[in-house]
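Work through the exercises below with the sequence and the model open. Each task is followed by a solution in steps.

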Amino acid sequence: MIQGCLLEVALGERIGLTEDEWGIIGTLLPSERGRGCRPAQDNRLYFEGMMWIARTGSQWRHLPDEYGKWNSVFRRYRRWVTTGVFEAMLETLGEMVARDATADMIDSTVVRAHHCAVGIKRDSGNRGAWPIARRI
């Protein structure tokens with residue numbers, strides 16, 4: 001079973017943003033204030049950690065240390081969800097895509113689900129319905 005940092009190695013790439021992408025997204029994120037004498041960590045680092053979780057489907061505790069402490073990233077994620085940061089970001093990015101004819105935006109309504117997720121029932125009498133079933 002692949003977990004933690006090994007999952008990132010298995011994917012073959014670091015999940016991060018280019019400078020151009022961060023130039024757009026960074027302006028949409030709220031500035032964070034530190035508590036007491038501790039300064040707030042960089043939004044980019046935390047956002048990339050959130051992207052790592054979303055892309056890998058891993059648990060928060062398996063977040064690699066390079067993105068910061070998992071609990072700090074999770075708390076900022078929850079704060080942004082409850083304050084509507086991601087909804088506002090999606091609206092703004094949608095408006096930007098609408099203005100740019102060369103850009104595309106993909107969401108879950110465009111992505112086709114696997115046949116198991118669509119509710120197709122397997123007919124046990126017809127083995128030829130799914131070619132992959134013959135290979136097993």
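A residue is called buried if its relative accessible area is under 20%, exposed if it is over 50%, and partly exposed in between. The model is predicted, and the solutions below apply to this model.

**Exercise 1. Describe the make-up of the chain.**

Step 1. Take the secondary structure: the chain has 7 helices and 0 strands. Written in sequence order, the pattern is α-α-α-α-α-α-α.

Step 2. Take the burial: of the 136 residues in the chain, 23% are buried.

Step 3. Take the surface: about 10,400 Å² is exposed, and 53% of this area comes from carbon and sulfur atoms.

Step 4. Take the contacts: among those with a separation of 6 or more, 53% join residues 24 or more positions apart.

**Exercise 2. Classify arginine 44 as buried or exposed, and state which residues outside its sequence neighbourhood it contacts.**

Step 1. Locate the residue: arginine 44 lies in helix α3.

Step 2. Compare its value with the cut-off. The relative accessibility of arginine 44 is 15%, so this residue counts as buried.

Step 3. List the contacts. When neighbours within four places in sequence are set aside, arginine 44 touches Leu17, Thr18, Glu19 and Trp22.

**Exercise 3. Find the salt bridges and say how they are connected.**

Step 1. Count them: the structure has 2 salt bridges.

Step 2. Take the pair of glutamate 19 and arginine 44, whose closest N and O atoms are 3.0 Å apart. This salt bridge links distant parts of the chain, as glutamate 19 is in helix α2 and arginine 44 is in helix α3, 25 residues apart.

Step 3. Classify the acidic partner. Glutamate 19 has a relative accessible area of 59%, and therefore it is exposed.

Step 4. Take the pair of arginine 44 and glutamate 48, with 3.2 Å between the closest N and O atoms. Both residues belong to helix α3 and are 4 residues apart, about one turn of the helix.

Step 5. Classify glutamate 48. Its relative accessibility is 5%, so glutamate 48 counts as buried.

Step 6. Join the results: through shared partners, the salt bridges connect Glu19, Arg44 and Glu48 into one network.

**Exercise 4. Check the length of helix α3 and describe its burial.**

Step 1. Work out the expected span. The rule is 1.5 Å times one less than the number of residues, so the 14 residues of α3 should span 20 Å.

Step 2. Compare this with the model: the end C-alpha atoms of α3 are 20 Å apart, which agrees.

Step 3. List the buried residues of α3. Among them are Asn43, Tyr46, Phe47, Gly49, Met50, Trp52 and Ile53.

Step 4. Look past the end of the helix: α3 is followed by glycine 57, which has a positive phi, near 75°.

**Exercise 5. Which residues touch the most other members of the largest nonpolar core?**

Step 1. Recall the background: nonpolar side chains tend to be buried together in soluble globular proteins.

Step 2. Name the residues. The largest nonpolar core has 16 residues, and Ile25, Leu29 and Phe47 touch the most other members.

Step 3. Find the elements that supply two or more residues to this core: α2 (19-25), α3 (43-56), α4 (70-83) and α5 (85-99). Helix α3 gives the most, with 5 residues.

Step 4. Follow one member. Leaving out neighbours within four places in sequence, isoleucine 25 is in contact with Leu17, Phe47 and Met89.

**Exercise 6. Classify two aromatic pairs and the rings that form them.**

Step 1. Count: the whole structure holds 4 aromatic pairs.

Step 2. Take tyrosine 77 and phenylalanine 86. Their ring centres are 5.8 Å apart and their planes meet at 45°, so this pair is tilted.

Step 3. Classify both residues. Tyrosine 77, with a relative accessible area of 28%, is partly exposed; phenylalanine 86, with 24%, is partly exposed.

Step 4. Take tryptophan 80 and phenylalanine 86. Here the ring centres are 6.0 Å apart and the planes are at 70°, so the pair is edge-to-face. Tryptophan 80 has a relative accessibility of 1% and therefore counts as buried.

Step 5. Put the rings together: ring pairs connect Trp60, Phe74, Tyr77, Trp80 and Phe86 into a cluster.

Technical notes:
Residues numbered from 1 in each chain as written. Predicted model: local features only at pLDDT ≥ 70, side-chain atom pairs only at ≥ 80, totals over all residues. Heavy atoms only, no water. Core = buried A, V, L, I, M, F, W, Y, C linked by side-chain atoms within 4.5 Å. Buried < 20%, exposed > 50% of the residue type's maximum accessible area, 1.4 Å probe, protein only. Contact = heavy atoms within 4.5 Å. Areas by Shrake-Rupley, 256 points an atom, 1.4 Å probe, with all protein chains shown as cover. Salt bridge = Lys/Arg side-chain N within 4 Å of Asp/Glu carboxyl O. Phe/Tyr/Trp six-rings, centres within 6.5 Å; stacked < 30°, edge-to-face > 60°.
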